[in-house]
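Welcome! Here is a short guided tour for anyone opening this structure for the first time.

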Amino acid sequence: MTVSPRTRDIHHVDIGTARLIVAPGGAAAALPETGIGSTERRLDGDDKVTGRAAYAGEEMPPGTLHGVLVTSPVAKGRIVAIGTDAALAADGVVRVIVPDDMPALAAPSVPPVAQSFVPMSDTSIRYEGQPVAIVLAETLEQAEHGAALVDLRIEAETPTVFETAETVTPRTEGNGYILGALDPARGDAEAAMRDAAATVDAVYVAPTRHHNMMEPSATLAEWRGGALHMHDSTQWTYGVRYALSGLLSMEPGDIHVRCPFTGGGFGAKGYVWPHQILAPLAARLAGRPVKIALSRAQCYTGSGYQPVVRSRVALGADADGRLTAIRHDTENVTSTADDYVEFGNAGTRSLYPAPNLSLTTRIRRADVGTPTAMRAPHEGPGMFALESAMDELSYALDMDPLALRLANYAETDPANGKPFSSNRLRDAYAEGARRFGWDARPRRVRARREGPRLIGSGMASAIMSTFRFPASARVCLTRDGAIRVEAGAQEIGTGTRTIFPQIAAERLGIAADGIEMVLGRTDLPETGGTFGSSSTISVGSAVADAADALRARIEGLADGTLPPREAWPALLRENGTGELVGEGGFSLPGDAPFDAHGGAGEHSMHTWGAVFVEMAVDEALGLARMRRCVACYSAGRILNPVTARSQMIGGIIWGYGRAMLEKSAMDPRSARYLSKNLSGVHLPVNADIPQEIDVSFIEEHDPHASAIGVRGIGELGEVGVAAAIANAVYHATGRRVRDLPITFGDLVG
Amino acid sequence: MTTRPHDHPGEAMPATRFVLNGTDRAVTHEARVTLLDLLRERLGATGTKKGCAEGACGACTVLLDGERVNACMVLAAAVHGREVTTVEGLAAADGTLHAVQRAFVEQDALQCGYCTPGQVVSAVACIREGHAGSEVEIAEWMSGNLCRCAAYPQIVAAVQQAAAELGTPQGGASGAVQSTAPAARA
Ligand code: FES
Ligand code: FES
């Protein structure tokens, strides 16, 4: 689908963007009228507010069958028999697919396949909610009813959960989930800790949580001859292609995946999960297109989750607050099939320099599905621990928490000594503190009271790895004079349908509105997934390169100068040229397929932020509310202040959810999630969130990370918020909560 | 031989007749079909979204005789003789956006867009109900619509902008809200 032109003028009403980008010295930076950095409103906004935007599962080619997965009610065991008679006798049920029907599959490559165990490929049961059969019927209601009639005989065993599993070292050999060294160390942390003027040592727990994206995963699989066509709710169309090409031993080019709009994902739709493998197999067996839309309940086991991360953090500092030793040991839950590693100490490696460091990264294998990346992976759960510990250290030293951070400012990356590609964290601390009014904060806890409520403020640093993928893109001048930008990337809410045209517009010296953006298909230039805050940096750079190539071709037709926009169609006609195409790309040092924080390059790449929060706590009611949040970031150039601000606000609210609401509790006896619905799982709602969320960015142009001055922002907004909230609750009440979320019981009485 | 959809002797029902976005519709369907699935799976009206199918997310919000309801909690048969307005029915015939739709774009009150049709329809009703008197009141009365992208402050700003443009009805049902909502916010 292409995005429709605007139905009417959208006004650039003032939404506070004037103070969004902060120039050196604290003045508001001037925003350009058009192109990069302008406050262009979403070019796909009209499609989204009118219901025209087409999501997966909303398309029904003639003859499409509805598929409903039958899932295992137990977490561990073996399927003994599957009775299908009753289901097959029900109205409208066409077929029931069981493990015996499954063709042999090649070994999955993980990632892009999310887990190395493919359900239904044998009779084993490895986690609760695992698909064991598929009911295909003419209507959704018939398929759902049929699924309820399938009779499962299972030999169940007692499952292991995080609490009962053993702590082990993850496999590194052939493990696609290893993103760095497991146990980096330098100096002698233990000895330095003994000699320190002040120390803290505590355990912090960030629990298992789910993505809870609003669009449940859905997929439509259709065979046309030997080729597979899928409309899939994914964050990575090319990943689906590669995953299925491997499993089904098919040529990648015979697998066509499209996803013009993804209804949220936050990581859940990054890799390829069982329903995306089973739908094409079911469609082949049935000889008809098959649509599988996970129910909300199935979303809790049908794709991954952010695993519980238990961190032990110990810090030692001298009397001036300079860290002499850091220790951060993490462990996360994973499945029995895959050693998924949540690098909870990723941020700890690069945020503060300490001469002595000891980090360990461990896992516990349990009878659960494989975890996956979720906003913000690694630094998200890990920085809650480190930045809570830093707050505790500030009280141990009787030092202002912000002053403690500044005393430990890293001029180069402590992990490898490399210079940063660009780093304005110091300015972010200063601007955030100024906007928040941090100077007026009393040092003591329980120092401010308003009626029945105690008021406290807390802060935290944020740091996030910069992830990059190679990417390609195309910018075309069509025969009728229109500009079209093409890239395989996805639109998931980050605004790619707006910022990619903005980039092309600036390079071509034209307006962004009116540029056609085509994305989300495997017949478009290849890109990585839309995750890890990597799209703008990678695909955006490729779009810029493609636009430059097109510009050069236009100039070539016009004696080396760029003629005015209106003259372009005539130029094509005069030269008898059809469509004019500019191809562009973005590659990584050493032609790596992926890199994190700068990879093999000379510079270390991270994004940073300073988060300040004010909490009001009513101890009689056990009630805490966030009253305001000020966050200032150093994240490279900001392509669109409006969409960037929304991303950060979203991230901050995710951080609020982590701090105050979210936990996917599991029953340890059955290894089942206790609530698999949106009424039992607490998520932030509008009334939880204060209107005063003040986001700003330090004006910055990163010359090394990409071709367009940017790094990434999507994950960063979530980092640090939970620590800032917990620190503010401590400041308000003197109650230190180290086990999230902060609940009534932590605050009452 | 497979059964043709919607042709079940034992469950034959008279057609449900209703007005969808100003157009008369008559549909035969099984008794168990919800209004949401009827819209999305039978009528191709996919603007209305399905987030949970149990009344917990608001993605499926439509107006039933002008009042906001979760379409997943309404049986299709129950709309017989009534009027349903979905997100597809808000803009003018020439495509001009409804003030609420325009405000959502201008305030950037959306990201992935999946909750957005429900938010927009809910906001139209919220304003008509007289529940858009203050930021706090809007946030309370828009809390039946989850947004995991978390565009909440922008949604409040969009509702405020549209309410100012459309004018708020007098003597709405907001009295009770004004007395309870602020107390709930510390
Ligand atoms: S789909 Fe109806 S409330 Fe969620
Ligand atoms: S815009 Fe994505 S859920 Fe609201």
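Let us begin where the two chains meet: between chain B and chain A, 22 residue pairs are in polar contact, with both residues of each pair at pLDDT 80 or more. Five helices of chain B, namely α1 (35-42), α2 (99-106), α3 (116-128), α4 (135-141) and α5 (152-166), each supply at least two residues of the side that touches chain A. Please keep in mind that this is a predicted model.

**Where chain B meets chain A**

- Of the helices of chain B, α5(B) gives the largest share of the side that touches chain A, with seven residues.
- Sorted by character, the residues on that side of chain B are 28 nonpolar, 17 polar and 17 charged.
- In terms of contacts, 62 residues of chain B touch 73 residues of chain A.
- The size of an interface is often expressed as the accessible area lost when the parts come together.
- Here the area buried between chain B and chain A is about 5600 Å², and carbon and sulfur atoms give 57% of that area.
- Five salt bridges are found across the interface of chain B and chain A.
- You can look up a salt bridge between R40(B) and E58(A), whose closest N and O atoms are 3.0 Å apart.

**An enclosed strand in chain A**

- Why is strand β27 (residues 623-634) of chain A described as largely enclosed by the rest of the structure? Ten of its twelve residues are buried, that is, under 20% relative accessible area, so the strand counts as largely enclosed.
- Strand β26 (residues 606-618) of chain A runs antiparallel to β27(A), and eleven bridges join the two.
- Within this pairing, A610(A) is found opposite C632(A) of β27(A).
- β26(A) and β27(A) make a hairpin with four residues between them, and G622(A) in the turn has a positive phi of about 70 degrees.
- β27(A) is also joined by five bridges to strand β30 (residues 693-698) of chain A, and these two run parallel.
- In that parallel pairing, V630(A) stands opposite D694(A) of β30(A).

**A three-stranded sheet in chain A**

- Strands of a sheet pair through backbone hydrogen bonds, in either a parallel or an antiparallel way.
- Chain A has an open sheet of three strands, in the order β5-β3-β7, with antiparallel pairing.
- Its edge strands are β5 (124-125) and β7 (151-156) of chain A, each of which pairs on one side only.
- Strand β3 (residues 77-83) of chain A is paired with β7(A) over six bridges in the antiparallel sense.
- G77(A) has A156(A) in β7(A) as its bridge partner.

**A buried helix in chain A**

- Nine of the eleven residues of helix α5 (residues 237-247) of chain A are buried, so the helix is largely enclosed by the rest of the structure.
- Among the buried residues of α5(A) are Y238(A), R241(A), L244(A) and L247(A).
- The cover over the buried residues of α5(A) includes β12 (227-232), β13 (255-258) and α6 (274-286) of chain A.
- After α5(A) comes S249(A), which has a positive phi near 50 degrees.

**A proline in a loop**

- P589(A) sits in the loop between β24 (580-586) and β25 (595-596) of chain A.
- Is P589(A) buried or partly exposed? With 31% relative accessibility, P589(A) counts as partly exposed.
- Apart from its neighbours within four places in sequence, P589(A) contacts R468(A), D595(A), A600(A) and G601(A).
- P589(A) and E700(A) are 111 residues apart along the chain, and 23 Å separates their C-alpha atoms.

Note on methods:
Residues numbered from 1 in each chain as written. Chains lettered and ligands numbered in written order. Predicted model: local features only at pLDDT ≥ 70, side-chain atom pairs only at ≥ 80, totals over all residues. Heavy atoms only, no water. Contact = heavy atoms within 4.5 Å. Buried area = accessible area lost by both parts, 1.4 Å probe. Salt bridge = Lys/Arg side-chain N within 4 Å of Asp/Glu carboxyl O. Polar contact = N/O pair within 3.5 Å; in protein donor to acceptor, adjacent residues only side chain to side chain. Nonpolar A, V, L, I, M, F, W, Y, C, P; charged D, E, K, R; others polar. Buried < 20%, exposed > 50% of the residue type's maximum accessible area, 1.4 Å probe, protein only. Pairing = 2+ DSSP bridges.
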